[in-house]
Each structure stands twice: as C-alpha cells, then as structure tokens.
Amino acid sequence: MKYVLASGNKGKLAELKALLGPTGIEVVPQSDFDIPEAIENGDSFTANALIKARHASHLTGLPAIADDSGLEVDALGGEPGVYSARYAGSGASDQDNIDKLLRALQDVPESDRSARFHCVIALVNTADDPDPEVFHGTWEGFISIAPQGENGFGYDPVFYIPEFKSTSAQLDPQEKNLLSHRAKAMGQLKSRLL
C-alpha cells in the first residue's frame with residue numbers, strides 16, 4: 001500500500017518510516033510530487049490535519065496521511081495552539097517563537113507554566129473520504145524559564161518534563177520518540193495500518 005505524507009518535512013517522514021519498518025507500507029512525501037503546501041486555516045489541530053491530508057490526496061490520487069501539532073500553554077489560555085509554528089509571525093524561526101513565548105510567560109511562576117504538546121494525525125483514503133480516521137496524542141509538561149538542550153526542534157528546548165528532570169531537547173532522540181505526542185499518535189496510526 002502506498003500513502004502520501006502531506007508534508008515535505010524530512011524529520012516527520014523519517015519518523016513515520018521508522019515506525020512502519022518493513023511492513024510493505026510505502027510512504028512518500030508530497031514534495032516528491034511538487035505539491036504546494038495546503039493553506040492551514042482550520043481552527044483546530046484536527047481541522048488542519050484533515051485540510052492537509054485531503055489536499056495531498058486530491059493532488060496525487062493516493063491515500064494520504066497528515067499531521068498537525070503544536071503547543072498549548074494553560075497560563076496563556078491555550079496559546080500558541082494551532083498557531084505554534086507561526087506564533088511570532090509568518091516565517092518566524094523556532095528561536096523567534098520561543099523568545100515570544102518566554103516573554104509572554106516572564107511574570108508567570110514555574111509552577112503555573114503547565115503545557116502540553118498535541119499531535120493529530122489524519123488518514124484519508126481519498127480526498128473526499130466521508131470517514132477519515134483521526135489519531136490524537138498529547139504530552140504533558142511545563143515551560144521552562146530558559147531553553148536547555150540541543151536535540152529536537154520547535155519548542156523542545158523549553159518543554160520541561162518533570163519526571164525526567166529535563167527538557168525535550170535534552171532527551172535522547174530515541175527516548176523522545178517513545179514518549180512524545182507524535183509517538184503516541186503514530187502508535188495509534190501504526191495499529192490501524194498493520
């Protein structure tokens with residue numbers, strides 16, 4: 001079976017291929033088809049994942065897998081949420097987003113900085129699939145005072161996991177891939193596909 005991954009993100013593709021291993025399921029990135037990125041104008045992670053999956057399936061004719069993920073901070077009323085990647089503006093770098101987040105939390109004590117990562121993966125068989133499947137994983141933690149660690153991407157340097165006494169960026173990548181929101185959602189996807 002062949003699926004298109006509604007992303008050109010090499011990291012996401014590598015994670016998905018590692019998860020599926022030698023199953024006979026082939027996943028190719030939408031960049032192999034020169035597909036433009038979908039316009040993510042949904043108001044939830046689920047809506048955006050479905051927009052991306054339907055877009056890729058429509059343009060390739062293949063079943064599609066898409067994910068949308070982000071960070072939700074309780075003290076900020078759930079921000080940055082679906083705007084996580086562009087929290088500091090369109091084209092913002094990971095560091096720009098982290099800087100904005102830390103400024104927004106500068107007067108919030110560490111004990112009140114609870115947060116969680118969300119990952120929603122959508123699977124559609126066709127662009128107009130009336131019964132898309134959706135898988136959701138979360139990862140609970142806190143936002144640290146300052147970035148720590150060199151691994152990962154996005155908000156990983158400030159996402160602190162109390163039981164490990166480290167940020168996500170300080171974890172070994174293999175360890176992170178067992179614990180993360182994406183690992184949980186992908187585990188559900190794997191169970192469905194295999």
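**View A. The side chain of R113 reaches the backbone oxygen of L105 at 2.6 Å.** That counts as a polar contact, meaning a pair of N or O atoms within 3.5 Å; within protein, one must be able to donate a hydrogen and the other to accept it, and residues adjacent in sequence count only if both atoms are side-chain atoms. On top of that, the backbone oxygen of S144 sits 3.0 Å from a polar atom of the R113 side chain. This is a predicted model, in which local features need pLDDT of at least 70 and side-chain atom pairs count only at pLDDT 80 or more, while totals for chains, interfaces and linings use all residues. Residues are numbered from 1 along each chain as its sequence is written, and side-chain values use heavy atoms, with hydrogens and water left out.

**View B. What surrounds R113?** Leaving out residues up to four places away in sequence, R113 touches L102, L105, Q106, V108, G141, F142, I143, S144 and I145; a contact here is heavy atoms within 4.5 Å. R113 itself belongs to the loop between α3 (94–104) and β4 (114–124). Helices (H or I, at least four residues) and strands (E, at least two) are DSSP runs, numbered from the N terminus. R113 is buried but has no salt bridge, and E110, the nearest side chain of opposite charge, is 6.7 Å away. For charge, Lys and Arg count as positive and Asp and Glu as negative, with His and the chain ends not counted. Buried means under 20% relative accessible area, exposed over 50%, and partly exposed in between (1.4 Å probe, protein chains only). A salt bridge needs a side-chain nitrogen of Lys or Arg within 4 Å of a carboxyl oxygen of Asp or Glu. D112 shares the loop between α3 and β4, and with a relative accessible area of 43% D112 is partly exposed.

**View C. Strand β4 pairs with β3 (residues 64–73) and with β5 (residues 133–143).** Ten bridges join β3 to β4, running antiparallel, and I65 stands opposite L123 of β4. On the β5 pairing, again antiparallel and over ten bridges, A122 has V134 as its bridge partner. Ten of the eleven residues of β4 are buried, so the strand is largely enclosed by the rest of the structure. Zoom out and you get seven strands in an open, mixed sheet, ordered β2-β1-β3-β4-β5-β6-β7; strands pair if DSSP finds at least two bridges between them. β2 (26–29) and β7 (166–167) are the edges, each with a single partner strand, so one side of each has no neighbour in the sheet. At the β7 end, two bridges join β6 to β7 in the antiparallel sense, with Y160 opposite T167.

**View D. The largest nonpolar core holds 17 residues.** Such a core is a set of buried Ala, Val, Leu, Ile, Met, Phe, Trp, Tyr and Cys residues joined through side-chain atoms within 4.5 Å. Its best-connected members are L71, V73, L101, I143, Y155, V158 and F159. Two or more residues come from each of β3, α3, β4, β5 and β6 (159–161), and α3 gives the most, with three. Look at V73 and you'll find contacts with G78, E79, P80, L101, L105, S114, A115 and I143, not counting residues up to four places away in sequence. A second, separate core of 16 residues includes Y3, L5, A185 and L189.

**View E. The structure holds eight salt bridges, among them R116 with E72 (2.9 Å, N to O).** R116 lies in β4 and E72 in β3, so this pair ties together parts 44 residues apart in sequence. R116 counts as buried at 13% relative accessibility, whereas E72, at 23%, is partly exposed. Which residues join them in a network of salt bridges? D74 and E140 are linked in with E72 and R116.

**View F. D156 and K176 meet through their side chains in a salt bridge at 2.7 Å, N to O.** D156 lies in the loop between β5 and β6 and K176 in helix α4 (residues 173–179), so the pair ties together parts 20 residues apart in sequence. Both D156 and K176 are buried. Another salt bridge joins E40 to K52, with the closest N and O atoms 3.6 Å apart.
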